[in-house]
Amino acid sequence: MLGNALIGLREGLEAGLVVSILVAFLVRTGRRSELPKVWLGVGIAVAVSVGVTLALALAQQQLTFEAQEAFGGGLSIIAVGFVTWMIFWMRRAARSISAELRGRLEGALAMGPAAVVVMATLAVGREGLETALFFFTAAQAAGETTQPLIGFLVGIAASIVLAYLIYRGAISLNLGRFFTVTGVLLIFVAAGILAYGVHDLQEAGILPGLTTLAFDVSTAVPPDSWHGTLLKGIFNFSPQTTVVEAIVWVAYVAVVLPLFLRPQRTRAAAPTT
């Protein structure tokens, strides 16, 4: 559940910051009359995200066991791709996102009301669709929807409070540091999602090695124990891990974590004449 809360916090804060930037821009430029269009776009984005989640759940129910495992495994791998892209994109764009969004909104305002709604929908919809996919894969890994849903709702609720306090100027949050710390944690969460997706593909018979275990610590870490539940909830840790799962987990962390933590290159200033 804690891993789901982390994803909900991260995704929710990104969406909350986007909305805050759009609202603040309209308020400060004296165009409050455009606010309902932005909120309409946000509402559409949320509705689409919920619809995608329901569609994924309904689609899976119509499949055979092997097809369900293949479907879930494929979506887990896609979710890892989204997580990886998200943390690198926010690390790079955190400093320029405000100016970029203001520029897009200014252009949409010049085009007309429909463009403002579409712009707001697309700006928030990306985080919404990512959250929908993460929730579906988390529910698959947990074998239930209640705990993942609680985790996501807790994280999203906390992100809404943080975004509002930032908007009101009540708190000052070092966003660069925040996204770096949560990015590191999400890399380990994503590694667990990737390993779980690989296990699903093994269950479906697409990948080999289902019975070849790298380790079995189910005696020391029972799945129903508090520490087993904690590790499962945060990192999708499985006490019985196959060799293929272990390899992809280690490979993902070994490649992605150093790339994420390496210093960012700053552009050299243009020479003056």
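Reader: Why does A220 count as exposed?

Author: A good place to start, and please keep in mind that this is a predicted model. The relative accessibility of A220 is 58%, and the word exposed applies over 50%, so A220 counts as exposed. A220 is found in the loop between β1 (213-216) and α8 (226-235). P239 is 19 residues away from A220 in sequence, with 8.6 Å between the two C-alpha atoms.

Reader: What makes Y252 count as buried?

Author: Y252 has a relative accessibility of 10%. Buried means under 20%, so Y252 counts as buried. Y252 lies in helix α9.

Reader: Which residues does Y252 touch, not counting residues up to four places away in sequence?

Author: They are V80, T84, I187, A190, A191, L194 and L257. Take A190 from that list: along the chain Y252 and A190 are 62 residues apart, and their C-alpha atoms are separated by 8.7 Å.

Reader: T84 appears among those partners. How do you know that T84 is buried?

Author: T84 has a relative accessible area of 17%. That value falls under 20%, so T84 is buried. The place of T84 is in helix α3 (residues 65-93). Leaving aside neighbours within four places in sequence, T84 is in contact with Y252 and V256.

Reader: Let's turn to helix packing. Why is α7 called roughly antiparallel to α9?

Author: The answer comes from the angle. Helix α7 (residues 175-203) and helix α9 (residues 243-261) pack at about 155°, and their axes are 9 Å apart. Angles over 145 degrees count as roughly antiparallel, so that is the word for α7 and α9. The crossing of α7 past α9 is right-handed.

Reader: How many nonpolar, polar and charged residues are there in the contact of α7 with α9?

Author: That contact has 18 nonpolar residues, five polar ones and one charged residue. As background, nonpolar side chains in soluble globular proteins tend to be buried together.

Reader: What makes up the largest nonpolar core?

Author: This core has 31 residues, and L22, L101 and L105 are those with the most contacts inside it. The elements that give two or more residues to this core are α1 (2-28), α2 (35-61), α3, α4 (97-111), α5 (113-142) and α7. Helix α1 gives the largest share, eleven residues.

Reader: And which residues is L22 in contact with, leaving aside its neighbours within four places in sequence?

Author: L22 is in contact with V38, L101, L105, M119 and A120. Apart from this core lies another, of 27 residues, among them I87, F135, A190 and V253.

Reader: I would like to look at two alanines in helix α5. What makes A123 buried?

Author: Helix α5 is the place of A123, and the relative accessible area of A123 is 13%. With the limit for buried at under 20%, A123 is therefore buried. Not counting residues up to four places away in sequence, A123 touches V18 and L101. A45 is 78 residues from A123 in sequence, and the two are 8.7 Å apart in space, C-alpha to C-alpha.

Reader: How do you know that A138 is buried?

Author: The reasoning follows a similar path. A138 has a relative accessible area of 12%, and buried means under 20%, so A138 is buried. A138 is found in helix α5. Its contacts, leaving aside neighbours within four places in sequence, are N4, P148 and F152. Of these, P148 is ten residues from A138 in sequence and 6.2 Å away in space, C-alpha to C-alpha.

Reader: Now for the whole chain. What does its secondary structure come to?

Author: The chain has nine helices and two strands. From the N terminus on, the elements run α-α-α-α-α-α-α-β-α-β-α.

Reader: And what percentage of the residues in the chain do buried residues make up?

Author: They make up 43% of the 273 residues.

Reader: What share of the contacts with a separation of 6 or more comes from residues 24 or more positions apart?

Author: Residues 24 or more positions apart account for 79% of those contacts. You have already met one such pair, Y252 and A190: these two touch, and they are 62 residues apart along the chain.

Key. Residues are numbered from 1 along each chain as its sequence is written. This is a predicted model: local features need pLDDT of at least 70, side-chain atom pairs count only at pLDDT 80 or more; totals for chains, interfaces and linings use all residues. Side-chain values use heavy atoms; hydrogens and water are left out. Helices (H or I, at least four residues) and strands (E, at least two) are DSSP runs, numbered from the N terminus. Buried means under 20% relative accessible area, exposed over 50%, partly exposed in between (1.4 Å probe, protein chains only). Contact means heavy atoms within 4.5 Å. Axes are lines fitted to C-alpha atoms, for helices over the stretch in contact, and angles run from 0 to 180 degrees between N-to-C directions. Angles under 35 degrees count as roughly parallel, over 145 as roughly antiparallel, 65 to 115 as roughly perpendicular and the rest as oblique. A crossing is left-handed if the near helix is turned anticlockwise from the far one by less than a right angle, and right-handed if clockwise. Ala, Val, Leu, Ile, Met, Phe, Trp, Tyr, Cys and Pro count as nonpolar, Asp, Glu, Lys and Arg as charged, and the others, Gly among them, as polar. A nonpolar core is a set of buried Ala, Val, Leu, Ile, Met, Phe, Trp, Tyr and Cys residues joined through side-chain atoms within 4.5 Å.
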